[in-house]
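Visitor: I'm new to reading protein models, and I'd like to go through one with you. Could we put it on the screen and start talking?

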Amino acid sequence: MGWRRWILGITLTGMAIMGALTPAWADEEIIVSAAASLTQSLGQAAKAFESAHPGTRVRLNLGASGNLLQQIVAGAPVDVFVSADEAFMDKGVKEGVILPATRRDLVSNRVVVIVPADSPLSMDSLASLAQPGVKRIAFGNPAMPNAKYAEMAIKAAGLWGQLQPKFVLCATVVQSLNYVAQGDVDAGFVFATDAATAPGKVKVAFTVPVREPIVYPVAEVAKAPHPQLAESFIAYLLSPDGQAVFHRYGFLPPPGAR
């Protein structure tokens with residue numbers, strides 16, 4: 001019977017070693033709430049992370065940054081928050097739902113005006129949106145970061161009073177993109193990376209001049225159900241491999257990384 005105890009001992013020791021080598025987050029799922037403009041790029045980054053960490057799952061909750069923050073404040077079990085606007089991340093820190101020490105600048109973007117691919121209209125500036133041929137302009141609701149940047153630029157150009165009556169308000173930047181792609185509006189404000197997802201359907205008329213960089217910050221949620229996995233995922237997004245995924249979709253490095 002001694003040999004059986006010896007084999008059993010070896011087996012238990014092996015299981016203990018395997019258990020010690022198994023990551024604490026194995027077979028766990030994290031929820032990442034992120035701006036809708038990251039849909040494709042973050043989806044690819046999540047798949048790459050899952051491949052490199054067998055047994056883990058990344059579930060994306062995509063939408064308007066302001067709405068996502070409201071969900072987190074209300075107690076949604078979110079692990080990581082990626083905002084398309086620094087102000088919403090600032091608010092999250094102030095509300096105590098974001099761990100400020102984990103906050104990092106992930107990528108940056110640009111706001112552009114797009115038109116249907118077959119549009120005959122000629123536009124090269126915000127002033128050109130005031131021409132009679134432009135009757136409807138897709139514009140995000142005030143809670144959307146791209147709308148906030150666009151609004152600041154329009155007001156700085158002294159054109160808000162002329163352009164506001166033409167606005168067709170959209171719930172997300174994706175909706176603005178679809179309205180332009182389908183020809184339901186004459187033009188629309190979206191992020192440059194969104195425009196790049198619809199080749200042959202829309203074309204960029206011009207880049208909107210903004211006074212400050214458009215930075216997407218990422219951070220761990222204070223009550224993250226899986227903090228260790230959340231930390232590992234953020235580290236991957238900031239790594240050269242993670243950044244390469246975002247750059248393939250047209251995102252730029254954050255200002256400090258250029």
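Visitor: Is Ser128 buried or exposed?
Guide: This is a predicted model, and in it Ser128 has a relative accessibility of 12%, so with the limit for buried set at under 20% it counts as buried.

Visitor: Where does Ser128 sit in the chain?
Guide: Ser128 is found in the loop that lies between strand 5 (111–116) and strand 6 (137–140).

Visitor: And which residues does Ser128 touch?
Guide: Leaving aside residues up to four places away in sequence, Ser128 is in contact with Ser122, Met123, Val134 and Phe206.

Visitor: Let's move to strand 8. How many of its residues are buried?
Guide: Strand 8, residues 187–191, is mostly covered, with 5 of its 5 residues buried. Ala187, Phe189 and Phe191 point one way from the strand, while Gly188 and Val190 point the other way. In a regular strand, side chains alternate between the two faces of the sheet.

Visitor: In what sense do strand 5 and strand 8 pair?
Guide: Strand 5 and strand 8 pair in the antiparallel sense, over 4 bridges, and Val113 stands opposite Phe189 of strand 8. Strand 6 is also joined to strand 8, by 2 bridges, but these two strands run parallel, and there Ala138 has Gly188 as its bridge partner.

Visitor: Phe189 came up twice there, so which cluster of rings is it in?
Guide: Ring pairs link Phe189 with Phe139, Trp160 and Phe167 into a cluster. Trp160 also has a charge placed over its ring, since the charged end of Lys155 sits there, 5.1 Å from the ring centre. In a similar way, Lys148 lies over the face of Tyr149, at 4.6 Å from the centre of that ring.

Visitor: How many aromatic pairs does the structure hold?
Guide: There are 9 aromatic pairs in the structure. One of them is formed by Phe49 and Tyr236, whose ring centres are 6.0 Å apart and whose planes meet at 50°, so this pair is described as tilted. The two rings come from distant parts of the chain, because Phe49 belongs to helix 2 (residues 39–52) and Tyr236 to helix 9 (residues 227–238), 187 residues apart. Both Phe49 and Tyr236 are buried.

Visitor: What about Tyr216 and Phe251, how is that pair arranged?
Guide: Tyr216 and Phe251 form an edge-to-face pair, with 5.5 Å from centre to centre and 85° between the planes. Tyr216 lies in strand 10 (residues 214–220) and Phe251 in the segment after helix 10 (240–248), so the pair ties together parts that are 35 residues apart in sequence. Tyr216 and Phe251 are both buried.

Visitor: Back to helix 2, then. Which of its residues are buried?
Guide: In helix 2, the buried residues include Ser41, Leu42, Gly43, Ala45, Ala46 and Phe49. Among the elements that cover the buried residues of this helix are strand 1 (29–35), strand 2 (57–63), helix 9 and helix 10. Helix 2 has 14 residues and reaches 20 Å from its first C-alpha to its last, which is close to the 20 Å expected at 1.5 Å a residue.

Visitor: Can we pick out Gly43, and what does it touch?
Guide: Gly43 is buried, with a relative accessible area of 16%. Not counting residues up to four places away in sequence, Gly43 touches Leu38 and Leu60. Gly43 and Leu60 are 17 residues apart in sequence, and their C-alpha atoms are 7.6 Å apart in space.

How values were computed
Residues are numbered from 1 along each chain as its sequence is written. This is a predicted model: local features need pLDDT of at least 70, side-chain atom pairs count only at pLDDT 80 or more; totals for chains, interfaces and linings use all residues. Side-chain values use heavy atoms; hydrogens and water are left out. Rings of Phe, Tyr and Trp (its six-membered ring) pair if their centres lie within 6.5 Å; planes under 30 degrees apart count as stacked, over 60 as edge-to-face and the rest as tilted. Buried means under 20% relative accessible area, exposed over 50%, partly exposed in between (1.4 Å probe, protein chains only). A charge sits over a ring if NZ of Lys or CZ of Arg is within 6 Å of the ring centre and within 35 degrees of the ring normal. Contact means heavy atoms within 4.5 Å. The expected span of a helix is 1.5 Å times one less than its number of residues. Two strands pair if DSSP finds at least two bridges between them.
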